Amino acid sequence: MDNVSVITMFTLSGLNGTTNYRVTLFALTLLCYCLIWLVNVTIIVTIIMDKSLHEPMYIFLCNLCINGLYGTAGFYPKFLVDLLSNIHVISYAGCFLQGFVLHSSACADFSLLVLMAYDRYVAICRPLVYHSVMTTQKICLLVFLAWLVPFNLLFLSTITTLRSRLCGSHIPKIYCINFLIGKLACSASIANVIVPAFNYTFYFGHVIFVVWSYIYMIRTCLTSKENRSKFMQTCLPHLFCLIVVVGSLLFDLLYMRFGSKDISQSVENFMAIEFLVVPPIINPLIYGFKLTRIRNRIQSFMCSKSSVFR
């Protein structure tokens with residue numbers, strides 16, 4: 001223990017088997033990142049510029065798209081550099097920063113999707129008090145908490161991992177996460193068990209709330225044709241996005257803890273980046289195509305621009 005050297009760099013081994021097709025991967029990754037920026041910025045600008053869209057559901061959606069850009073910014077720039085390099089290392093501080101950004105973005109996704117579920121629950125199950133419940137002050141508070149709580153929880157988790165004495169610097173992944181950094185610790189720490197367990201329990205409670213709210217919404221929609229139409233228009237996109245986010249995260253999370261060692265590196269990498277590819281693209285596309293007001297606003301903007309060029 002006394003001879004453990006100070007760790008200043010971490011080695012990422014996820015790209016060791018991609019030498020022959022790194023250029024192709026770089027082009028596809030760059031295209032994917034540009035697409036993420038295009039679809040998310042389109043939704044964000046549309047909602048900000050159109051005052052008629054300054055309503056709770058669209059404000060939450062705008063924050064969801066901002067979070068998508070925030071989370072992917074913690075991965076894609078470093079990943080693109082690694083694809084063009086033969087040495088895949090990351091600094092000590094950079095590794096913890098990347099882990100914090102990726103974790104906090106994933107948790108903020110959950111928080112914002114829960115807010116959207118709550119908004120739909122009030123709109124469908126308690127329509128008469130919707131405007132008195134979803135006031136501007138309450139929306140600002142909820143959005144603030146949706147960002148603050150994940151940041152605080154993950155800051156605590158990162159600090160806990162940061163305090164651990166490390167006996168290794170090899171991370172078998174294409175990016176840094178707290179779980180793998182924690183596995184490099186020289187000795188087990190109670191805090192490294194309690195803090196993640198609390199975080200998982202906290203966000204499992206989010207899932208329980210969403211399930212409960214959808215049970216109530218479905219029961220309410222069965223009694224009203226108008227509510228059924230509202231559910232199909234606004235709740236189905238949210239439900240689909242929630243399934244995409246939860247599925248993508250669980251896929252990687254469960255494999256990381258219980259997966260087989262015999263799976264190829266390419267499959268491991270796909271599972272690792274799935275939550276950084278699918279939700280940031282699918283979420284804005286689903287809402288952009290499904291929500292009529294956003295779709296019409298984007299179409300009118302495109303038509304006005306095309307007429308100007310003519």
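Below are five short exercises with worked solutions.

The model is predicted; local features need pLDDT of at least 70, side-chain atom pairs count only at pLDDT 80 or more, and totals for chains, interfaces and linings use all residues. Numbering starts from 1 along each chain as its sequence is written, and side-chain values use heavy atoms, with hydrogens and water left out.

**Exercise 1. Place S13 and list its partners beyond the local sequence.**

Step 1. Find the element. S13 sits in the loop between β1 (9-12) and α1 (22-49). Helices (H or I, at least four residues) and strands (E, at least two) are DSSP runs, numbered from the N terminus.

Step 2. Check burial. S13 has a relative accessible area of 10%, so S13 is buried. The scale is: buried under 20% relative accessible area, exposed over 50%, partly exposed in between (1.4 Å probe, protein chains only).

Step 3. List the contacts (heavy atoms within 4.5 Å). Leaving aside neighbours within four places in sequence, S13 is in contact with H170, I171, P172, K173 and Q265.

Step 4. Look for a polar contact. The side chains of S13 and H170 make one at 3.3 Å. The term means a pair of N or O atoms within 3.5 Å; within protein, one must be able to donate a hydrogen and the other to accept it, and residues adjacent in sequence count only if both atoms are side-chain atoms.

**Exercise 2. Describe how α1 packs on α3.**

Step 1. Choose the descriptors. Two packed helices are described by the angle between their axes and the distance between the axes.

Step 2. Read the geometry. The axes of α1 and α3 (residues 76-83) come within 9 Å and cross at roughly 160°. α1 is therefore roughly antiparallel to α3. Axes are lines fitted to C-alpha atoms, for helices over the stretch in contact, and angles run from 0 to 180 degrees between N-to-C directions. Under 35 degrees counts as roughly parallel, over 145 as roughly antiparallel, 65 to 115 as roughly perpendicular and the rest as oblique.

Step 3. Name the residues. From α1 come R22, L25, F26, T29, L30, C32, Y33 and I36; they meet Y76, P77, F79, L80 and L83 in α3.

Step 4. Sort them. The contact of α1 with α3 has 11 nonpolar residues, one polar and one charged. Ala, Val, Leu, Ile, Met, Phe, Trp, Tyr, Cys and Pro count as nonpolar, Asp, Glu, Lys and Arg as charged, and the others, Gly among them, as polar.

**Exercise 3. Describe how α4 packs on α8.**

Step 1. Read the geometry. α4 (residues 92-125) and α8 (residues 191-221) pack at about 25°, axes 9 Å apart. The two are therefore roughly parallel to each other.

Step 2. Sort the residues in contact. They divide into 17 nonpolar, four polar and one charged.

Step 3. Pick examples. Among them are F110, V114 and R120 in α4, and H206, W212 and M217 in α8.

**Exercise 4. Characterise the surroundings of N63.**

Step 1. N63 belongs to α2 (residues 56-73). Its relative accessibility is 12%, so N63 counts as buried.

Step 2. Residues up to four places away are not counted. N63 then touches L112, V143 and W147.

Step 3. The side chain of N63 makes a polar contact with the side chain of W147 (2.9 Å).

**Exercise 5. Set sequence separation against spatial distance for S248 and V277.**

Step 1. S248 lies in α9 (residues 225-258). At 2% relative accessibility, S248 counts as buried.

Step 2. S248 and V277 are 29 residues apart in sequence and 9.4 Å apart in space, C-alpha to C-alpha.

Step 3. With residues up to four places away not counted, S248 touches E274, F275, V278 and P279.
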